[in-house]
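Colleague: I am new to this structure and would like a close look at one part of it. Please take the nonpolar patch on the surface, and then place that patch in the rest of the chain.

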Amino acid sequence: MANNAVLTTEEEMKLRQPIDDYVGKIQSKIDKLREDGTDKVLSLQNHMDSLKRDRIYTKQEKEAKLAADQAELEKAKAVEAKNKDEIAKLISDAEAYINAHFDKDYYQAVNTSCMKEKVAAREKYQRKTAQLGQEHQAAIAKLSDHQEIKDEKYVYKNRLFDAKMELEKDLQQVKDRRHAAFSYKYHLLDLLRMSKFTFAETAAQKWENYKYTFNRRAFLLQNGLYIAIVLIFIMLCIITPIIKNTPLLTYSNVLNILQQASPRMFLALGVAGLILLTGTDLSIGRMVGMGMTTATIVMHQGVNTGLVFGHAFDFTGLPIGVRVVLALIACIVLCTFFTAIAGFFTAKFKMHPFISTMANMLVIFGLITYATKGVSFGAIEPSIPAMIIPKINGFPTIILWAFAAIIIVWFIWNKTTFGKNLYAVGGNPEAASVSGISVFRVTVGAFVLAGILYGFGSWLECARMVGSGSAAYGQGWEMDAIAACVVGGVSFTGGIGKISGVVVGVFIFTALTYSLTILGIDTNLQFVFSGIIILVAVTLDCLKYVQKK
C-alpha cells in the first residue's frame with residue numbers, strides 16, 4: 001500500500017486477486033456443470049421461441065424441428081436437475097467466501113483510499129488556487145495599462161476555471177473507482193446466480209447507483225420547487241392551529257382537498273396533453289362554465305326557470321338515470337366540438353394554441369352568456385349526486401372517478417401508439433413527420449381527448465356543487481390546470497412530462513388553496529401565491545432546458 005493509505009491500481013488488483021482466484025475456480029466448475037444443463041435449456045428455449053415466430057418453414061417442418069428441440073430440452077432439463085444440488089453447494093461456498101473476505105480484505109481498503117484521494121485532490125486544488133492567486137497579484141503589480149490589467153484578470157479567471165475542472169475530474173475518478181469496487185461484488189454474485197438477487201441486495205445496488213449518479217444542481221432543478229412547497233405546507237400546518245385554533249392536517253380536510261381536486265384532475269390531464277405538444281388551452285374555464293350550465297339544465301330540479309335563447313327546457317319527463325347520462329353526453333359533445341375546432345386550426349394552419357383556444361374562450365363565453373343572459377340555473381335533482389358520487393362511510397367516491405381518469409390517461413400516454421406519437425410530436429414534430437407520424441392527427445387527437453376530459457370534469461363538478469351552473473362558473477380554472485401541469489414537470493418545451501407529475505401538481509395547488517382559505521388569506525393574495533409558484537416552476541423548467549442546450 002502506498003503512503004497515506006492511497007492504493008495504486010496494481011495494489012488494488014493485488015488485494016482483489018485472492019477473491020478472483022477463489023471465486024473464479026468455483027465459477028469455472030459451475031460453468032462446466034451448466035454447460036449441458038441450464039445453458040442448453042436457455043439456448044433451446046430461445047431457439048424454440050424464435051422457431052415459433054419464423055415463417056420460412058412449413059407447418060410440418062416447424063413441428064418436426066420443435067419436436068427435436070423438445071427432446072433435447074428434456075435431456076438438458078434432466079442434466080440441470082441432476083447438477084442442481086452440486087451447483088447450489090458451490091454457489092453457497094463462493095458466497096460465504098465473498099461475504100467473509102470482500103469487504104474486509106478489499107472494499108474497505110479501497111474506500112479508505114478513495115477518501116484519502118478526495119482529501120488530496122482538494123488540497124491540490126487549494127495549493128493550485130493559492131499559487132495562481134500569487135502569480136496574478138504579481139502580474140497585476142507590474143501592469144499599469146487598463147486593458148492589460150483587464151486581460152490579465154480574464155486569464156486569471158480562466159486559469160481558476162481550469163483548476164476547478166481539474167478538481168472535478170479528480171473527484172469523479174475517485175467516485176468511479178469506489179463505485180466500481182462496490183459493484184464488483186454484485187458482478188461476482190450475478191455470474192454465480194445468473195442475475196438473481198435478494199430484495200436487500202437489489203435495494204443496496206439501487207441506493208449505490210442513486211448516490212453515484214446524484215447531482216446536487218440537477219436534483220434542486222428537478223425537485224427544488226416541491227421542497228419549497230412542502231416546507232410552506234408544513235409551515236401552514238404549524239401556523240393554522242395557532243391562529244385558527246384548528247388543525248389543518250385532519251382526515252376530514254384531506255378528504256375535502258381530494259374531493260375538490262377530483263374534477264380539476266380531469267382538466268389538468270386534458271391540458272397536459274396539449275402542453276406536451278408545446279401548446280396550451282385558455283378556454284378551460286369557459287368550457288367548465290358551458291359544461292356546468294348544460295349539465296344543470298338537463299339535470300335541473302323541476303322545470304328550468306332560466307331560458308336558453310328564450311326557451312325554457314323541460315327534462316322532467318325523462319327518468320333520472322337517462323337525464324344523468326344525457327347530461328354527460330351533452331357536456332362531452334359540446335366540449336369536444338370546441339376543442340376539435342381549436343385543434344383543427346392549430347394543426348392545419350400551424351396556429352399557436354394560445355390564439356385558437358383564446359378564440360374558443362371568447363366564443364364560448366359570448367354564446368353561453370348571450371343564450372342564458374348570464375343567469376344561474378339553480379340546483380339539480382337532489383338525488384343525482386348520491387347516484388354519481390355517493391359518500392360511502394363518509395368517503396367521497398368522486399375521488400374514484402379521478403383515480404379512474406388517471407389510470408386511463410396514463411394507459412393512453414404510455415401503452416398506446418397514440419401516446420408514443422404524442423411524445424414524439426411534442427419532442428420534434430419535423431422528425432415525427434419524417435418517421436411517418438401524422439402530426440395533424442396527433443394534434444387534433446390531443447385536443448379531442450382534452451375535450452372529453454373537460455366535459456367529464458364539468459359534469460362531475462356539477463354533481464359535486466349540486467348544480468348552480470352559469471356562464472361565469474370556472475373563471476380562472478385554466479390557470480390552475482396549466483399551473484398544476486407546469487409544477488408537475490410537464491414542460492412547455494414539449495415532449496416531456498409524466499401523469500404522476502400532473503397528479504402531484506393538482507394536489508399541490510388544491511392543498512395550498514384550501515390551506516390558505518382555512519387560514520383566512522384573502523383570495524386576491526392567493527392569486528399572488530399561485531403566480532409566484534408558476535413563475536418559479538417555469539423558470540426552473542427553462543433552466544433545465546438551457547442546461548440541456
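Modeller: The patch on the surface consists of L220, I227, V230, L231, I234, I238, I242 and I243, and together these nonpolar residues have about 760 Å² of accessible area. The model is a predicted one, and the figures below are computed from it. L220 belongs to helix α6, which covers residues 216–244. The relative accessible area of L220 is 44%, and L220 counts as partly exposed because this value falls between the 20% limit for buried and the 50% limit for exposed.

Going on along the chain, N245 is found in the loop between α6 and α7, the latter covering residues 251–276. N245 is not a glycine, yet its phi is positive, at about 55°. The relative accessibility of N245 is 69%, so this residue counts as exposed. A second residue can be described in similar terms: K373, which is not a glycine either, has a positive phi of about 60°. K373 sits in the loop that runs between α10 (353–372) and α11 (384–388). With a relative accessibility of 65%, K373 is also classed as exposed.

The buried side of the picture is as follows. The largest nonpolar core contains 97 residues, and L269, M299, Y454 and W459 are those with the most contacts inside it. Leaving aside residues up to four places away in sequence, W459 touches A295, M299, V324, A327, L328, C331, I388 and W401. There is also a second, separate core, made of 26 residues, with A94, F102, V110 and V174 among them.

As for the chain as a whole, it has 18 helices and 2 strands. Its radius of gyration is 33 Å, well over the 24 Å that the globule rule gives for 549 residues, so the chain is more spread out than a compact globule. Taken along the principal axes, the box filled by the C-alpha atoms is roughly 95 × 95 × 55 Å. Of the 549 residues, 41% are buried. Counting contacts between residues at least 6 apart in sequence, 78% join residues that are at least 24 apart. The accessible surface of the chain is about 30100 Å², and carbon and sulfur atoms account for 62% of that surface. The patch that you asked about, with its accessible area of about 760 Å², is on the surface of this chain.

Notes. Residues are numbered from 1 along each chain as its sequence is written. This is a predicted model: local features need pLDDT of at least 70, side-chain atom pairs count only at pLDDT 80 or more; totals for chains, interfaces and linings use all residues. Side-chain values use heavy atoms; hydrogens and water are left out. Patches are made of residues with over 30% relative accessible area and no salt bridge: like charges are joined within 9 Å, nonpolar side chains (Val, Leu, Ile, Met, Phe, Trp, Tyr) within 5 Å. Accessible areas come from the Shrake-Rupley method with a 1.4 Å probe; for residues, only the protein chains shown count as cover. A salt bridge is a side-chain nitrogen of Lys or Arg within 4 Å of a carboxyl oxygen of Asp or Glu. Helices (H or I, at least four residues) and strands (E, at least two) are DSSP runs, numbered from the N terminus. Buried means under 20% relative accessible area, exposed over 50%, partly exposed in between (1.4 Å probe, protein chains only). A nonpolar core is a set of buried Ala, Val, Leu, Ile, Met, Phe, Trp, Tyr and Cys residues joined through side-chain atoms within 4.5 Å. Contact means heavy atoms within 4.5 Å. The radius of gyration is taken over C-alpha atoms; the globule rule is 2.2 Å times the number of residues to the power 0.38.
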